[in-house]
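Please look over the model below before reading the notes. The points take up the ligand site, the core and one helix in turn.

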Amino acid sequence: MTTGEPGRKPPGPPVLHLLVCGSPLARDAHKLVRSALSEGWDVWAVASPDGAKFLDIPAVESITGHAVRTRYRHPSESGDLPLADVVAVVPASCNTVNKWAAGICDTLVLGLLAESLGRGLPIVAAPYTNWAHAAHPAFAESVAKLREWGVCVLYGDDFYRFHEPGRGYLTQHLFPWQRVWEEVASRRAVTCPP
Ligand SMILES: Cc1cc2nc3c(=O)[nH]c(=O)nc-3n(C[C@H](O)[C@H](O)[C@H](O)COP(=O)(O)O)c2cc1C
């Protein structure tokens, strides 16, 4: 899925893998893409099949200059992604958070998350859903596991207060994309000093 070994990344701009799940917030993912591009990052976006229903793929491909992958490649196809400096999964669906914590890899997004965790890459995850969905006990357990494994999970009322079911359209514009970007950028500073 990715090429290169940790510590052997070729010189060049920092690489961000932006992984996008199935949520209306995916429509705003260009905000993070633009922040990263404006500071010289090379951004590779990957959407889950459900994320692809929300993400504006032509727009993201146009500004990043890279095709947006949505599925594992066919074994006969080439096209691995470059090794990331930082991985961001935003919006992270409850489905992907729970499956990631359980080690399931049945989408390309989950495969990249599993591999990135295994490599010890810095990962910033911002779950997004309504409060009732997030109240399922499995979700809190998954978040706790991911944090224990070193993932920066931006979750809690101090980050963003989840909406009422069916009312996300009222508050989605308040999602703190700038805060997500600051977390991503700060992790590059730690792991890839200039
Ligand atoms: C209109 C719509 C909005 C949704 N919004 C969310 C959401 O904000 N957060 C979430 O976790 N799931 C949401 N879902 C459910 C996910 O899309 C669903 O669980 C899907 O399987 C996630 O797949 P993925 O984790 O591979 O992206 C929504 C579904 C629909 C149809």
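Which of the 15 residues around the ligand come nearest?

1. The model is predicted. Cys 21, Gly 22, Ser 23, Ser 48 and Ser 93 come nearest to the ligand, out of 15 residues around it. By type, the shell around the ligand holds ten polar residues, four nonpolar and one charged. Helix 3 (residues 94-101) supplies the largest share of this shell, with three residues.

2. The largest nonpolar core has 52 residues. Within this core, the residues that touch the most other members are Leu 16, Leu 18, Leu 19, Ala 45 and Ala 88. Strand 5 (residues 86-92) contributes six residues, the most to this core. In soluble globular proteins, nonpolar side chains tend to be buried together.

3. Leu 19 can be followed outward from the core. Apart from neighbours within four places in sequence, Leu 19 has contacts with Val 46, Val 87, Ala 88 and Val 89, and also with Val 109, Leu 112 and Leu 113.

4. Val 109, Leu 112 and Leu 113 are among the buried residues of helix 4, along with Leu 108, Leu 110 and Ser 116. The cover over the buried residues of helix 4 includes strand 2 (15-20), strand 3 (42-47), strand 5, helix 3 and strand 6 (123-127).

5. Does the length of helix 4 (residues 108-119) agree or disagree with the expected span? It agrees, because twelve residues at 1.5 Å a residue should span 16 Å, and the end C-alpha atoms of helix 4 are 16 Å apart. Gly 120 follows helix 4 and has a positive phi, near 80°.

Conventions. Residues are numbered from 1 along each chain as its sequence is written. This is a predicted model: local features need pLDDT of at least 70, side-chain atom pairs count only at pLDDT 80 or more; totals for chains, interfaces and linings use all residues. A nonpolar core is a set of buried Ala, Val, Leu, Ile, Met, Phe, Trp, Tyr and Cys residues joined through C-beta atoms within 7 Å. A residue is buried if 20 or more other C-beta atoms lie within 10 Å of its own, exposed if 12 or fewer, and partly exposed in between; C-beta atoms are placed from the backbone. Helices (H or I, at least four residues) and strands (E, at least two) are DSSP runs, numbered from the N terminus. Two residues are in contact if their C-beta atoms, placed from the backbone, lie within 7 Å. A residue is near a molecule or strand if its C-beta atom, placed from the backbone, lies within 6 Å of it. Ala, Val, Leu, Ile, Met, Phe, Trp, Tyr, Cys and Pro count as nonpolar, Asp, Glu, Lys and Arg as charged, and the others, Gly among them, as polar. The expected span of a helix is 1.5 Å times one less than its number of residues.
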